[in-house]
Amino acid sequence: MNLDFSDDQKFLQDEARKFFDKEGGLTNTRKVMDESLSHDEALWGKVLELGWTGIRIPEEYDGLGLGHLELCVIAEEIGRALAPIPFSSSVYLFTETIIKYGSEEIKKNVLPKLVTGEIVGTYAVAEDMSAITESTLSCAVEGDSVNGAKIAVPDAELATHAVVLVKGTKGPELRLVDLNSDGVEISLQKNLDKSRSFYKVAFNNTQSSLLGDQGSGWESHVHIMDQAAVLFAFEQVGGSQQALDMAKEYAMERYAFGRQIGSYQAIKHKLADMYVAVTLAKSNCYYGAWALSSESSELPLAAATSRVSATKAFQLCAKENIQTHGGNGFTWEYDCHLFYKRSKVLSLNLGSEASWKEKLVSAMEKTNTLN
Amino acid sequence: MDFNDTPDQAKFRAKCKEWLDSNAKLKDAGKRINVESNLEELIAKAKVWQKKKYDAGWAMLHWPKEYGGINATPIERIIWGQEESKYDVPGSIFEIGLGMCGPVMMQYASEEQKERYLPPMAEGKEIWCQLFSEPSAGSDVAGLRSKAVKDGDEWVINGQKVWTSGAHYSDYGILVVRHDPDLEKHKGLTFFFVDMKSPGITVKPIKQITGTAGSGAGFNEVYFDDVRIPDSQRLGEIGDGWKVAITTLMNERLAVGDAKGADVNEALSLAKDKDDFGQLMIKNQAVRDKLADWFCEANGLKYTKFRTMSALSKGEAPGPEASITKIVSANKLQAIGNFGIDSGDMAGMLIDEEDGMSSFQAAWLGAPGLRIAGGTDEILKNIIAERVLGLPQDPRADKGLPFKDIPSGK
């Protein structure tokens, strides 16, 4: 039985944590919020220098050729630091799609540049204020030409390329689009978490290349979502743990009625509930990491379980962290709101909690496994 | 990451399997497990199985070699438990003895006493119980009031213990009592072992909310009326009772208390098979939402256990994560029981004439006990907050006071 990360992976995680601390931690997140930036350029530059965007890219395309487990430990630290960088969109979603579904030519052209940062990618799905399905998809491709619009696309201003889920003649397709090509219009959309940026991206006869097979785009999309769900869940676990740590620290420092508020059972039990949620989420994420890294057929179940569990944990820890801080927690000055907002945005990025619960129960119906 | 045994563990598992295969039958998956309703038969069968294990060296794996064990690692104990649980064998009535009483005897009893008491305990000839909780000392177990008064070479015990599992069939028990109410709460306690057949001991099974009493490893009240215990049966120094009790409880840290009974798989099967509101329950969004939540909990506990085992497997001390097990599983059991009962709508409360209670009804009725036994939800949350997260203790109203001056209500 070895449901644990290796010493090398733990070392990488430790280095990642120290790196984000050294680079300023939450002050970067605040800077992006306060100055209405799309991301933290300096921090992103350093992440590129460290080679993290190429963790999963094979060495023949200039990447580090490591596995998903290395990505999991980095994700947890990004989540803990609320790092304001386009890592999830470019790495978990875009890069993974190119690795899995790109033609040899596309891989040769794109992957090395993802390592250097010349190419930054994103992934465009949503079209309106509801969960998208195969039949509601309206953004369409004819020949190689894409028409329609996507909303809530992360990091689209910085991104040079996007994977776009579109309706094709034989069913949904994943399409690679160069965002500098003709007919692309990108506009910023306001959102709840100003440390992350989302855009409307409209396509007007925009040229694109097919990723994977015609007609199997929906399955490819679902698979990429499942993979990314595990990685997003690690970010959420990192965020939950940090929110719990903050609440704990404050409960030790703050006095009321002549004693530390952490000595009251009302606070203790609140924090114990947070600990329980984080522990369940973390264990589910380890299961997800195993399924992801071993390419198990259990991935749909494991991904949905990690995702739902981590979404619940981060939302609980983020809101109860504010509650533990009392009035201070509701001020701009204290950091609690950064976690509250990030927890909401992370819970929606790949589809809401309800949509992942639906995937989870569908997977349970198929596999019926809990030994 | 993988879920495989190391070569050594695989070898050990194969050895367990080989012996179990030739000495027991695998459980029949489709069949309901036969629960022995007759207590004497249950004990007789359990004793035969224990003796068989003892003769072959499987009875007390974790005990040191000098006391007949093999010094098994925690992971080996888990592997044995995993394998044994696949077979149709009697439930153990020896766990308290082997897990708690044995180790405390090894540490504190005289050589002569160890020779006299440990082998019959391991062999299953003599059964042991643990006498800690009292009517006015549950969560605050150090607040116990049973008295020990020294009389020559003997101690005279008066008082009452409660929630003593198996006291009605036990031969010996370990006991913590108050020798001096003028001392502070934790300082006035002394630890003994006692012959349960001593004059003055009365055991009364507790009738629980399930309506049962004295069945299986049921709970008891144990009354001490001028019971005499020789001073030679004292374990530890006078006044060290709390320290010895804590050592005893530490020996049971591995027993993480997964609440057994109807789980998410049963809820899923029910939802797939049964109609409600004119359609299969599984089609109902509210049902799906609950199934997802319970799966996250059940699966989270399963892999939490795997993480603990991974640490043990590498010879590392496990993290504190196992501390969530009972809180989560007992509450989940209660909720799933409730769900199963409610699926019967107006008739959900009816008990089947032939089959008796459904697994959901049994879960719902048993779950309140599981949320209390072995540490209430509230005490376990305090433990997580104080020992895992490091939050300060509550200010205590009894601190520094002689025990007799502590406010006690009724």
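The following paragraphs describe the domains, the contact surfaces and the nonpolar core of a predicted model with chains A and B.

In chain A, the domain assignment distinguishes domain 1 (7-116), domain 2 (121-214) and domain 3 (218-367). The centres of domain 1 of chain A and domain 3 of chain A, taken over C-alpha atoms, are separated by 21 Å, and the contact between them draws on 20 residues from domain 1 of chain A and 22 residues from domain 3 of chain A. On the side of domain 1 of chain A that touches domain 3 of chain A, two or more residues each come from helix 2 (26-34), helix 4 (68-81) and helix 5 (87-101) of chain A; helix 4 of chain A gives the most to that side, with 10 residues. By residue class, the side of domain 1 of chain A that touches domain 3 of chain A comprises 10 nonpolar, six polar and four charged residues.

Helix 4 of chain A, which gives the most residues to that side of domain 1 of chain A, has 14 residues and reaches 20 Å from its first C-alpha to its last, close to the 20 Å expected at 1.5 Å a residue. The helix is mostly covered, with 14 of its 14 residues buried. Helix 4 of chain A is followed by A:L82, for which phi is positive, near 50°.

Chain B contains 11 helices and nine strands. The radius of gyration of chain B is 23 Å, close to the 22 Å that the globule rule gives for 410 residues, so chain B is as compact as a globular protein of that length. Taken along the principal axes, the C-alpha atoms of chain B fill a box of roughly 75 × 55 × 45 Å, and 37% of the 410 residues of chain B count as buried. Among contacts in chain B between residues at least 6 apart in sequence, 70% join residues at least 24 apart. The chain is divided into domain 1 (7-123), domain 2 (128-242) and domain 3 (264-388), and the C-alpha centres of domain 1 of chain B and domain 3 of chain B lie 28 Å apart.

Within chain B, B:P230 is found in strand 7 (residues 220-230). Because B:P230 has 13 C-beta neighbours inside 10 Å, this residue counts as partly exposed. With neighbours within four places in sequence left aside, B:P230 is in contact with B:D153 and B:E154, while its C-alpha atom is separated by 8.9 Å from that of B:V194, 36 residues apart along the chain.

Between the two chains, 41 residues of chain B are in contact with 39 residues of chain A. On the side of chain B that touches chain A, at least two residues each are supplied by helix 7 (264-273), helix 8 (285-313), helix 9 (325-342) and helix 11 (377-388) of chain B, and helix 8 of chain B gives the most, with 18 residues. The residues of this side divide into 23 nonpolar, eight polar and 10 charged.

In soluble globular proteins, nonpolar side chains tend to be buried together. The largest nonpolar core of the model has 211 residues, and those with the most contacts inside it are A:A162, A:V230, A:L271, A:C317 and B:L291. Helix 8 (residues 265-293) of chain A gives the most to this core, with 17 residues. Not counting residues up to four places away in sequence, A:C317 touches A:S240, A:A243, A:L244, A:M274, A:A277 and A:V278.

Methods: Residues numbered from 1 in each chain as written. Chains lettered and ligands numbered in written order. Predicted model: local features only at pLDDT ≥ 70, side-chain atom pairs only at ≥ 80, totals over all residues. Domains from an automatic or database assignment. Contact = placed C-beta atoms within 7 Å. Helix = DSSP H or I, 4+ residues; strand = E, 2+ residues; numbered from the N terminus. Nonpolar A, V, L, I, M, F, W, Y, C, P; charged D, E, K, R; others polar. Expected span 1.5 Å × (residues − 1). Buried ≥ 20, exposed ≤ 12 C-beta atoms within 10 Å, placed from the backbone. Rg over C-alpha atoms; globule rule 2.2 N^0.38 Å. Core = buried A, V, L, I, M, F, W, Y, C linked by C-beta atoms within 7 Å.
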